[in-house]
Amino acid sequence: MRKQVLTIAVALSGGPVLSQEGHAEKMKEGIALFQKTIRPALIDNCLKCHGDEKVRSGLDLSTRNLLLEGGDSEDAIDLEKPGESYLLTLIRHEEEDLEMPPKKDKLPDSLIADFEKWIALGAPYDKPLLERKGERPAEMRVTDSDREFWSFKPLAKVAPPKAGGKWVKGEIDQFVAEKLQQNNLLPNSQATDRDRIRRAYLSVIGLPPTADQLKAALSMSHVDLVDELLASPHYGERWARHWLDAARFAESHGFEQDYNRKYAYHYRDFVIKALNANMPWDEFVRLQVAGDEIDPENPLAMMATGFLGAGVFPTQLTEKEFESARYDELDDMAATTGTAMLGLTIGCARCHDHKFDPIPVKDYYRFVANFTTTIRSEIDVNLDSEEYQLALKEWQVRDAQSMDARAAFEANPKLVNLFERWLKTDARSSVTQSEWMNLDVKSAVSSHKATKLKQQAEGAILAVGAAGAKEIYTVKSAPPSGMMRFLRVEALTDSSMKRKGPGRASNGNFALSNLKLLAVSRDGEKRELKLVGAKATHQQNKSNLSVASSIDGNFDGTGWAVDSGGIGKDQAAVFELEKATKLNSGEMLEVELRFSNNTQHSLGRFRLSVSGNPAPSVRVGGGKDSAISAALEALAKGTLDEKQRKVLFQQYLISIPEWVELDAAVRNSLGTKPKPSVTKVQVTSEGFKPTKHHADGRGFPHFYPETHFLSRGDPNQKKGVANAGFLQVLINNGKASADWQEQPPAGWKRTSYRRTGLANWMTDVENGAGHLLARVAVNRIWHHHFGRGIVSTPNDFGLQGKLPSHPELLDYMARRFIASGWDVKALHRDIMLSATWQQSSAPSPKKAAADPDNQFLWRFTPRRLEAEIVRDSILSSAGQLDTKMYGPGTLDERHRRRSIYFMIKRSRLVPMMQIFDQPEPLSSQGSRPSTTIAPQALLFMNNPQVVSWAGALAASVSSKETDEAIRELYRRTLSRDPTATELRDNRAFIDAQSSSYQGTKNGKQLAYADLCQVIFSLNEFVYLP
Amino acid sequence: MNFPHYTRRHWLQKSGAGLGGLGLASLLADEGLLGTDDPLAPKKGHFGGRAKSVIWLFINGGPSQVDTWDYKPELEKMDGKELEGFDKNTGFFANAVGPLMKSPFEFTPRGECGKMVSSIFPKLGEHVDKMAFIHSGHTESNNHSPALFMMNSGQPRMGLPCVGSWVTYGLGSESRDLPAFVVMSDPLDRGLPKGHAANWGAGFLPSVYQGTWLKPKGDPIDNLNRPKHMSDAQQLRQLALLKKLNGEHIKERPGDAELEARIKSFELAYRMQNAAPEAFDIDREPEHVKKLYGVGEKRCDHFARQCLTARRMVERGVRFVQIYSGGMENQRSWDGHNDIKGNHSQFAGETDTPIAGLLTDLEQRGLLNDTLVIWGGEFGRLPLTQKSKKPGRDHNPHCFTTWMAGGGVKGGVSYGESDEIGHHAAVDKAHVNDIHATILHQLGFNHEKLTYNYNGRRFRLTDVGGKVIKPILA
């Protein structure tokens, strides 16, 4: 549309086709001016980025027609109102952050005046600035000159300048002193001990010192204090929050339903643990990008991958949106990796070559392709894998020992001889003929498909899978030998059921609605063997849930159940056959158990047996396998085969106390097998089952096997497959992406190892992105210490970012950082031990006039504490802080753990955090604004939590004498004693407020609570000194 | 929540840059605010805007254009016919596509302009001479939340600043006692619009610019009530002590604007604590005004109260008010998949009197000139039947109708046309970016220059598109 408007404007004002009066003279004058000043100026200052190597912002100056087309967002020149041309706005430096030419001095005023005049003359060209055969350059080329931009260059090797004299405490100070000197500034003097200590506490662990801690710190060297604080577990809780901003971390999907990601908190815990363990920064980065490949057995490495999948994702998708949603997700992974780790706005190259940085659109898709098959999954992770593996090994040794002992005993030839003798003499008498014979089950099925009936040892049957509302179990067995007079159903417990069962109902009960016994002939003909009498070890009542009701012919209303004292115990019911029966040859036995008088009231584990005994006991157990009686029969007939022999050998062994003991050892050993401590973790990996999604039913594939180059970011305009690769501008010394890429090790199938290659490149300090990675990390840490980075745009180290205020210092520290093995705590230490960090924050109008933003660090910049630290400081001062670490968070504003344990649900961000500028977790945030708004004041004045914490603090001092109570409050909250004036003012307040509460219960304590609220509200309390 | 006041200097520079060619220093000098860094101080746009504030009646769920304002006689003739070549994936339910369906409502000419209006708007029909209709709206998603994000933030993605945030970022607030950007959602337990708070989020803009959601039940804003145990005098004594102690502290730090601002913020907070509940208390309105909006009428009482609150807000200088009609999807909002007739009758019934009352009231008070009223949802609906127990209509991203009134737009005009059955925008198509460009224009902004620098990119509400719909401007 712009282009159309422009065409009209040109036509009206006399552009190319003109018949205006004086036109020829104007053109002549214009061309003369062009040749004299404009052309050289354009070639020297503009053409490289606007027509030659690049066409930044879509503006090409190489020909007049292209100039008239303008850039992406603006017309470059306005022939009607030449003075208002955008090009002039930019070269006059009237548009912040878009000063042209960039990173160079402003053009001389006379030249700018020439530009205006030239535009007024119609902006004529004598000839194009570039002779080109084709039209525009086809695509962006990344050249060595692009790698000359400061942040893409290798880290400079710099020696600290000799500056600063006695003020200097470390190398950092020498760099800072030099800059101060150059700007005619002097550093502030050292902060007071109290300010230094309070600053150290709040900076490192995010909590003010308690009175005792303050006292201890006062008699401690600064180094010791810094080391002590860096060793505190609270350090990780404080600094993890900074990284979580950059990682756009949250625990829900966002979008329509904003479903919770229940297991996402592990990533937060990973960051805390990694920082506390002082994990080297390159490792920290590698694990977040590819921990699932680099160290899959390490639970922390798996948790680290939560980084990639922490972004938003729609919860509802139509078919049309599947692919574009996936490209959005890939973009989120790539963009966040780029911004948070490399300070590069890679995402800007999705639709076109990056407008400012040397990132061609092709580089973008190659970078994205590293994540092609990467998805969010929820997997079981063994938290103590090492410990578990060790314990398992130990157990296996013990277990093998007991098995071996038993086997050795059984194999003893003497024993074998004794067994042979026993067979001949005692077998028949010592193997008790049981009254109950377990059925020899051939098949067992349920009418409900999800239920599987599994046969276990000793004739038991276990039901697994989800129980159906109503079910019928059909069990078929070989014909029992001999006469059948009774059928027994044993209802058995198992830990797979609620309250161990024996039923599958939610209370562990079952209800056997009907029981049928059938004889089935070889050709499938069935005859029912009618059951007439019933007895049980326990029945729920004597009517509708009695054992007799299982054979009352009423299917859906009645049946044997065992609640009211019978749950969690084995039970048995015995049913009498109307006629004693022996099956005809070829007949099978079939038992049908129906569960239909209550929902999901089927048996969870059971056993069926029959008895020929005229009056068998009603009890659980004691059933013998039919195999035993068959073996005894065979023994009598002299036809004992090897299998039957083994059956009898088992019977023999039971009679030997020695063996029973050995056998018990084996069984006990099984009970002591170590169990892994498993937890569900949200990971971002490949090859695991994707996290469930609403659109699964519509066939949402979660990912596509290939990433394509897209035209203008549109999945409907694919331009070929993009192979994984890295950013050319950060590939040095003639290397190629393949130099970092890895093949999966032999036998590894689950993931592609593409991200391992990415991690290799990102952390390579020789030829890859390692130097930039270090710069960005050092700058982030500096940023959080001083409130402003050496690069004040911590998320953008590209051409649109700010230039470093102390480039040599940044490179020096980054180099040192790499040399130290990416030691983060050492970096903190360097910074905090510097005189620069230890300066007082005292203002100075004179210095502020020279450097209002304190970019040269003439003082420590005082600033308001972040949302989390405001809240944590109140909780801690009030003695209310719950220091429990890790685990699921909460949305409840009343909780008393550190604020990092608030659950971050995208649709329900915690108001108390938001109000103090905690950012929305939608994309990477490098720095928080720090606003002062009235609702913050309202929170201090009226918020129920603040009021209650003030009350708790008050309760701990209100019984003291007034002055002492006030002193104690000051020490606990502000780490100092009140001045005489303050003491007087506070005392006056307590007196007046107490008397105004006269007659109110706890009036005095309320007065103190009101005072505590005032103290929490003080500037001094919420500002880093 | 977010109202007045101050921010750090480095941030303000960013904001200055965002205002395009406007120099920060001059801006602050004009306001006499140098050194105080107030992110919500009233600011000027790029040029004099016709409107000072906006009330957006968000017709949540996707109102059907052919059953409301876009009269389609041709559709009546084609009732019951299959639409050949229809892409079944246009709406949400590919398996429930039925034949073309005429509107179940009668249309009659209304106002002096004779605009054909559906019978579900008996009262609103009286105001067509104030309205500028855009019949050629189209958007980029057929799914609620991306379409809601599109309509609210200019892109079908989560995480970008909403129109209200951009506007308060650009113009600040006229009110010291109330939030600059206020959102009201359905108070009848029918849920929040899909995507919840992201529909009024500030994205990467500082959180002071996010919409303040007025809780539909209980206190509308957090922390507005003094602790129960405390009297006004007791709280004032607290504040006096706080001022005194902070005063001692700042003596050592003269000229620190941030600390000064923080001291002031407690005074402002105290004022707000008194003023805000008054502003929300519609019971202070005279009976005839309440009646005008339909307060007390069973089916529309809830929306009437919200419309009346909206007027009280803009009257007090609130910059941007959004009211959602309806809750989440299906029968809980205008999302008439099932029974379009019953659905739209119900929700029109809930809003007809209140919106008509709002327009009348704004006009009578002379507020309509300065207040841009917008009626519209996230997309339109298909002219086809969605097969259901009772016939419904599925989502249609290709065409919707929206209207604006007041705030410098012409009345009784229509811009753009849909095709003869209301399926696609056909003539003078208006993209969501165009609607946003027009809103910003009425408030005094060149939409291409209202930008914010974030992670290396200058973002704007209209992304890379947007043209002002000039023909509807007075």
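**Exercise 1. Count the elements and judge the overall form.**
How many helices and strands are there in chain A? Do the count, then treat chain B likewise.

*Solution.*
Step 1. This is a predicted model. Chain A holds 35 helices and 19 strands.
Step 2. Turn to extent. The C-alpha trace of chain A spans about 130 × 85 × 60 Å along its principal axes.
Step 3. Set chain A against a globule. Its radius of gyration is 41 Å, but a compact globule of 1025 residues would have one near 31 Å.
Step 4. Now chain B. Its secondary structure comes to 11 helices and 19 strands. The radius of gyration of chain B is 23 Å, close to the 23 Å that the globule rule gives for 474 residues, so chain B is as compact as a globular protein of that length.
Step 5. Add the box. The C-alpha atoms of chain B fill roughly 80 × 50 × 40 Å along the principal axes.

**Exercise 2. Decide where chain A can be read in detail.**
Over which residues of chain A does pLDDT stay under 50?

*Solution.*
Step 1. Start with the average. Chain A has a mean pLDDT of 91, and 97% of its residues score at least 70.
Step 2. Find the weak stretch. Residues 1–20 of chain A stay under 50. The model has 17 contacts beyond four places in sequence for this stretch.
Step 3. Apply the caution. Where pLDDT is low, predicted coordinates should not be read in detail.

**Exercise 3. Place the domains of chain A.**
Which residues belong to each assigned domain of chain A?

*Solution.*
Step 1. Domain 1 covers 2–138, and domain 2 joins 393–432 with 639–674.
Step 2. Domain 3 covers 435–622, and domain 4 covers 942–1024.
Step 3. Check the spacing. The centres of domain 3 and domain 4 of chain A, taken over C-alpha atoms, are 73 Å apart.

**Exercise 4. Trace a sheet of chain A.**
In what order do the 5 strands of the open sheet in chain A lie?

*Solution.*
Step 1. The order is 3-6-12-8-9, with antiparallel pairing.
Step 2. Mark the edges. Strand 3 (441–446) and strand 9 (526–528) of chain A each pair on one side only.
Step 3. Note the turn. Neighbouring strands of this sheet are turned by 25° against each other on average, direction ignored.
Step 4. Inspect one pair. Strand 8 (residues 514–520) and strand 12 (residues 588–595) of chain A are linked by 7 bridges in the antiparallel sense. A:Leu515 has A:Leu593 of strand 12 as its bridge partner.

**Exercise 5. Find backbone peculiarities in the loops of chain A.**
Where does A:Gln600 lie, and what is its phi? Look at two prolines as well.

*Solution.*
Step 1. A:Gln600 sits in the loop between strand 12 and strand 13 (605–611) of chain A. Its phi is near 55°, a positive value in a residue other than glycine.
Step 2. The peptide bond from A:Met100 to A:Pro101 is cis, omega near -15°. A:Pro101 is in the loop between helix 4 (86–91) and helix 5 (109–120) of chain A.
Step 3. The bond from A:Gly501 to A:Pro502 is also cis, with omega near 15°. A:Pro502 belongs to the loop between strand 7 (484–491) and strand 8 of chain A.

**Exercise 6. Describe the contact between the chains.**
How many residues does each chain give to the contact?

*Solution.*
Step 1. Chain B gives 78 residues and chain A gives 75 residues.
Step 2. List the helices. On the side of chain B that touches chain A, helix 1 (9–18), helix 4 (144–153), helix 6 (232–251) and helix 7 (257–280) of chain B each supply at least two residues.
Step 3. Pick the main supplier. Helix 6 of chain B brings the largest share of that side, 12 residues.
Step 4. Sort by class. This side of chain B has 30 nonpolar, 32 polar and 16 charged residues.

Definitions and conventions:
Residues numbered from 1 in each chain as written. Chains lettered and ligands numbered in written order. Predicted model: local features only at pLDDT ≥ 70, side-chain atom pairs only at ≥ 80, totals over all residues. pLDDT = per-residue confidence, 0-100. Contact = placed C-beta atoms within 7 Å. Pairing = 2+ DSSP bridges. Helix = DSSP H or I, 4+ residues; strand = E, 2+ residues; numbered from the N terminus. Axes fitted to C-alpha atoms, helices over the stretch in contact; angles between N-to-C directions. Nonpolar A, V, L, I, M, F, W, Y, C, P; charged D, E, K, R; others polar. Domains from an automatic or database assignment. Rg over C-alpha atoms; globule rule 2.2 N^0.38 Å.
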